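Q: Got a minute to go through a model with me? I'd like to start with how the terms are set.

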Amino acid sequence: MSMLGRFSGQFARVSNGTLNVLKHDFHASAAACGRKHPKQIRKENLDKRAAKIAEFERTKPSPVLSKHTPFFSTLHTPASAYASTNDTQHFLTKEDRTELFEQLPRNVVEKSRLSAVEGVEEALKHEQTKVEQLQKIVGLQNGNAKAVQLWNVQRALQWFQRKEGDTGSPEVQAAVYTIRILNLNSHLQQHRKDKHNYRQLRMMVHKRAKILKYLKRKSQDRYHQCLAELGLEPRAVEGELVV
């Protein structure tokens, strides 16, 4: 055998041996390549959990603010109360206004001597001036923010009461707390360093949550109906509330 042949045979044996070594050292199946280290799996699971928690907190509704509902369309703000000419303070009903502004002036004129001297119609004109002044005094447009809040509370009583004179049902209490919460939150938007009222806001939010929790135990249907009318979501009043 020539020298070239012997060299070719040795090279072939070395090459085959090297190839076998490479196949033995670097052979891996698809399952072996897809297997992850337990630490890597745990890290990925923790990242997924953190992402879900962050998304849950990001989409969590505010426990203070409410969505706009037909109930809130009937309420007043100080700006809208200033433009109102039909609503009055001191919880005057429609019957009270009729008696005070229409019947009472006529009764006064009929019993006074002025009607005998100037006539009934002329005397009514004098009384009408007094009526207009009284309307300005008791009108909501001249009331302060406290008067507007009291008017809204009275409106909530009329909207949520289950029977005539109902002032203590869970729906009524939750509605009254909602009005007070929104009013106080509006104040805190302008006075951000008012720590005392900020604490009061947190307390009222949790008190409303306790009332709604009681209502949920008592009646699921009334609970969800109350939340819908107040523009609140269950997540805004259940669980841990961060204000």
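A: Sure. Buried means under 20% relative accessible area, exposed means over 50%, and partly exposed is in between (1.4 Å probe, protein chains only). The areas come from the Shrake-Rupley method with a 1.4 Å probe, and for residues only the protein chains shown count as cover.

Q: And what kind of model is this?
A: This is a predicted model: local features need pLDDT of at least 70, side-chain atom pairs count only at pLDDT 80 or more, and totals for chains, interfaces and linings use all residues. Residues are numbered from 1 along each chain as its sequence is written, and side-chain values use heavy atoms, with hydrogens and water left out.

Q: OK, how many helices and strands does the protein have?
A: The protein has 13 helices and 0 strands. Both are DSSP runs numbered from the N terminus, with helices being H or I of at least four residues and strands E of at least two.

Q: What share of the residues counts as buried?
A: Of the 243 residues, 27% count as buried.

Q: Switching to charges. How many salt bridges are there?
A: The count comes to 8 salt bridges. A salt bridge here is a side-chain nitrogen of Lys or Arg within 4 Å of a carboxyl oxygen of Asp or Glu.

Q: Start with Lys36. Which residue does its side chain meet?
A: Lys36 pairs with Glu44 in a salt bridge, at 3.2 Å from N to O. Lys36 is partly exposed because its relative accessible area is 41%, and Glu44 is partly exposed too, at 28%.

Q: What about Lys130, which residue is its partner?
A: Lys130 forms a salt bridge with Glu127, with the closest N and O atoms 3.5 Å apart. The two are 3 residues apart in helix 8 (residues 120-138), so about one helical turn separates them.

Q: Why does that spacing work in a helix?
A: An α-helix has 3.6 residues a turn, so residues three or four places apart point the same way.

Q: Is Glu127 buried or exposed?
A: Glu127 counts as buried, at 13% relative accessibility.

Q: And which residue does Arg162 meet?
A: The side chain of Arg162 meets Glu171 in a salt bridge at 3.7 Å, N to O. Shared partners join Arg162, Glu171 and Arg222 into one salt-bridge network. Arg162 is exposed, with a relative accessible area of 53%, whereas Glu171 is buried at 7%.

Q: Arg222 is in helix 12, right after my last topic. Which residues of helix 12 are buried?
A: In helix 12 (residues 220-230), the buried residues are Arg222, Tyr223, Cys226, Leu227 and Leu230. Seen down the helix axis, they fall within an arc of 135°, so they line one face of helix 12. That arc is taken from the directions from the helix axis to the C-beta atoms.

Q: Which exposed residues sit on the face turned away?
A: Asp221 and Ala228 are the exposed residues on the face of helix 12 turned away from its buried side.

Q: New topic: where is Trp151?
A: Trp151 is in helix 9 (residues 145-160), and it is buried, with a relative accessible area of 17%. Trp151 and Asp87 are 64 residues apart in sequence and 8.8 Å apart in space, C-alpha to C-alpha.

Q: And where is Ala236?
A: Ala236 is in helix 13 (residues 234-237), and at 3% relative accessibility it counts as buried. Ala236 and Pro61 are 175 residues apart in sequence and 5.5 Å apart in space, C-alpha to C-alpha.
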